Amino acid sequence: MNIPFLDHWLGRHGERDKGDAAATVHDPERAAAITELLSECELLRSRAAQAGLELDDSPRSLTALDQLPPRWRDDPEELPWLGNDAGLYLGTVIVRTVPGAAWHIWPGGHPVVRLASGREIGVVEAGVEWAFNGAPELSQVYAEASEA
């Protein structure tokens, strides 16, 4: 996912980590704003609600998403967008529930989740793979992140 406006915003607000040229947010208010922005996932939340599932940003909701019949695969135009949202939702759950996890924005606006160990998880890629293929399961990616 490319979020150029976020990359520019971070650069204007001095939130660049010069060591790796990626945006790192050190201000808790700005970090919260970015988390809120990335957690919207409107398309995924809408499709889940249509299936009777409320996404509450919990690990349990990831398991429930994994169990939904993949009806979104019937719409090839919507599929990549839904996968992107699934990845952002996965990242949201990790950031909100795994101690030390935070969003990290690479140049060009590509978001990843950085764990306390320094390991980065390409949540958007995992979400797109999940939407297209059903694997890796979102709950499995979460389980691996929470063990790190």
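**Group meeting: one predicted chain**

Let me start where the confidence is low: over residues 4-10 the pLDDT, the predictor's confidence in each residue from 0 to 100, stays under 50, and for these residues the model has 18 contacts beyond four places in sequence, a contact meaning heavy atoms within 4.5 Å. Over residues 12-22 the pLDDT is likewise below 50, and that stretch has 24 contacts in the model beyond near neighbours in sequence. The chain averages a pLDDT of 85, with 82% of the residues scoring at least 70.

This is a predicted model, in which local features need pLDDT of at least 70 and side-chain atom pairs count only at pLDDT 80 or more, while totals for chains, interfaces and linings use all residues. Residues are numbered from 1 along each chain as its sequence is written, and side-chain values use heavy atoms, with hydrogens and water left out.

Now the fold. The chain has 7 helices and 5 strands, taken as DSSP runs numbered from the N terminus, with helices (H or I) of at least four residues and strands (E) of at least two, and along the sequence they follow the pattern α-β-β-α-α-α-α-β-β-β-α-α. Of the contacts with a separation of 6 or more, 60% are between residues 24 or more positions apart.

One pairing deserves a closer look. Strands β3 (residues 102-106) and β4 (residues 110-114) run antiparallel and are joined by 5 bridges, where pairing requires that DSSP finds at least two bridges between two strands. Trp-106 has His-110 in β4 as its bridge partner, and among the 3 residues between the strands of this hairpin, which one takes a positive phi? In this hairpin Gly-108 does, with a phi near 90°.
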